[in-house]
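Subject: Structure for your files

Hello,

Here is the structure I said I would pass on. My notes on the strands and helices follow below it.

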Amino acid sequence: MTKPYHVVGIGNAMVDVLAHAEDSFLESHGVQKGIMQLIDMERAVHLYGQIGPAQEISGGSAANTIAGIAHLGGRTAYVGKVKDDQLGAIFAHDLRAQGAEYETPMAPNGAEGETGRCIVLVTPDGERSMNTYLGVTEHLTPADIDERQVAGAEWIYLEGYRFDGPDSHEAFAKAIGAAKAAGGRVALTLSDPFCVERHRDAFRRMIRADVDLLFANRAEMLSMYETEDFDEALARAAAEIDIVACTDSENGAHILSAGNRWHAPAVPTQIVDATGAGDLFAGAFLWGLTAGHDLETCGRMGCVAASEIISHIGARAEADLQALFKDHGLL
């Protein structure tokens with residue numbers, strides 16, 4: 001029986017505010033390069049006032065992944081909280097315009113906090129440094145999880161950043177329970193090495209008990225398994241999880257499953273903005289998986305999609321990804 005959704009994603013609903021900045025700007029404003037830092041509203045207002053011309057684009061890690069799957073023609077839905085304000089309306093419109101279903105109730109105007117936003121500073125080398133004000137998205141609760149919707153998914157996709165919310169573990173547990181009871185499978189992305197540092201024990205418990213597919217990059221994988229040996233970290237992950245998909249920047253991606261390991265080469269491109277590369281890798285990989293492609297092909301699709309994303313500002317695809325897959329002999 002065909003399920004209503006290929007993938008339902010759960011994450012932090014954010015609007016990205018993207019601006020170019022020099023390394024000296026990061027240093028003078030105390031911004032750590034290449035990672036995600038949580039900031040409060042006061043800090044968000046201050047940084048916004050200091051940056052140059054900016055572009056506001058709907059973002060959020062899992063939302064980017066879901067948008068990518070929808071762009072490819074997959075049946076998707078997203079769960080993440082915004083406020084009934086200007087940025088909240090932008091987020092909802094942009095995601096629905098990609099073809100994804102988005103029905104999470106907005107927080108009312110009287111609620112504390114605003115729609116989350118991430119000030120993304122892109123340096124000349126294409127690296128992105130993210131300064132995230134979570135706002136109302138931090139307060140996603142189990143009540144926001146529609147069990148019927150989650151049960152209607154072949155896969156649920158859980159965003160590691162979501163672990164920073166006070167009720168996030170309970171919300172994830174509710175979603176996992178509903179998905180598994182209906183025969184669905186669970187994918188998790190680790191999101192950021194510092195996120196792993198904050199929540200390693202909770203991640204490990206979830207990985208061992210419930211995760212069928214783990215997405216990570218090299219730094220996140222090393223942090224998770226507390227080793228400097230990349231191959232050791234991959235092997236330990238593969239011993240716990242059915243499918244491991246780990247990106248490694250210009251070295252492509254490594255896919256491990258059932259004692260096998262494949263390497264998907266990176267697709268050379270001019271790096272303009274690395275924001276969303278991992279998100280779209282995951283989106284293309286999951287789309288390929290639900291479309292019946294083998295794991296090696298899914299990894300190659302992920303690398304093609306990631307190369308498209310880093311070639312321009314913003315984390316939503318601008319080119320026809322299926323056409324790119326055909327150009328690379330993947331369809």
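I start with a strand pairing: Leu18 has Val120 in strand 7 as its bridge partner. Please keep in mind throughout that this is a predicted model.

Strand 2 and its sheet

The bridge at Leu18 and Val120 has a companion, since Ala19 is partnered by Leu121 of strand 7. Strand 2 covers residues 14–20 and strand 7 covers residues 116–122; the two pair in the parallel sense over 7 bridges. Strand 2 also pairs with strand 4, this time antiparallel and through 5 bridges. There, Val17 has Glu56 in strand 4 as its bridge partner.

Both pairings belong to an open sheet of 5 strands with mixed pairing, in the order 3-8-7-2-4. Strand 3 (36–38) and strand 4 (55–59) are the edges, each pairing on one side only. From one strand to the next, the twist averages 25°.

How enclosed is strand 2 by the rest of the structure? Of its 7 residues, 6 are buried, so strand 2 is largely enclosed. Helix 4 (residues 86–97) lies across strand 2, strand 4 and strand 7, and runs at about 60° to strand 4.

The loop before strand 2

Asn12 sits in the loop between strand 1 (5–10) and strand 2. Is Asn12 buried or exposed? Its relative accessible area is 3%; buried means under 20%, so Asn12 counts as buried. Apart from neighbours within four places in sequence, Asn12 is in contact with Gly60, Tyr78, Leu134, Thr137, Glu159, Tyr161 and Arg162.

The other sheet

A further open sheet has 9 strands, again with mixed pairing, in the order 6-5-1-9-10-11-12-13-14. Its edge strands are strand 6 (101–102) and strand 14 (260–264), and each pairs on one side only. Helix 9 (residues 230–240) packs on this sheet, where it touches strand 12, strand 13 and strand 14. The direction of helix 9 makes about 150° with that of strand 12.

Within this sheet, strand 12 (residues 243–247) and strand 13 (residues 253–257) run antiparallel and are joined by 5 bridges. Thr247 stands opposite Ala253 of strand 13.

Helix 10 and its partners

Helix 10 (residues 277–290) packs with helix 3 (residues 61–71) at an angle of about 40°, the axes being 8 Å apart. Angles from 35 to 65 degrees fall in the oblique class, so helix 3 and helix 10 are oblique to each other. Their crossing is right-handed. On the helix 3 side the contact is made by Ser61, Asn64, Thr65, Gly68 and Ile69, which meet Asp279, Leu280, Ala282, Gly283, Leu286 and Trp287 of helix 10. By type, the residues of this contact are 5 nonpolar, 5 polar and 1 charged.

Helix 10 also packs with helix 11 (residues 295–309): the axes come within 7 Å and cross at roughly 145°. This crossing, too, is right-handed. Helix 10 contributes residues including Phe281, Phe285 and Trp287, and helix 11 contributes residues including Met301, Cys303 and Ile309. How do the residues of the contact of helix 10 with helix 11 divide? They comprise 14 nonpolar and 3 polar residues, with no charged ones. Leu280 and Trp287 of helix 10 appear in the contact with helix 3 and also in the contact with helix 11.

Regards

Technical notes. Residues are numbered from 1 along each chain as its sequence is written. This is a predicted model: local features need pLDDT of at least 70, side-chain atom pairs count only at pLDDT 80 or more; totals for chains, interfaces and linings use all residues. Side-chain values use heavy atoms; hydrogens and water are left out. Axes are lines fitted to C-alpha atoms, for helices over the stretch in contact, and angles run from 0 to 180 degrees between N-to-C directions. Helices (H or I, at least four residues) and strands (E, at least two) are DSSP runs, numbered from the N terminus. Angles under 35 degrees count as roughly parallel, over 145 as roughly antiparallel, 65 to 115 as roughly perpendicular and the rest as oblique. A crossing is left-handed if the near helix is turned anticlockwise from the far one by less than a right angle, and right-handed if clockwise. Contact means heavy atoms within 4.5 Å. Ala, Val, Leu, Ile, Met, Phe, Trp, Tyr, Cys and Pro count as nonpolar, Asp, Glu, Lys and Arg as charged, and the others, Gly among them, as polar. Two strands pair if DSSP finds at least two bridges between them. Buried means under 20% relative accessible area, exposed over 50%, partly exposed in between (1.4 Å probe, protein chains only).
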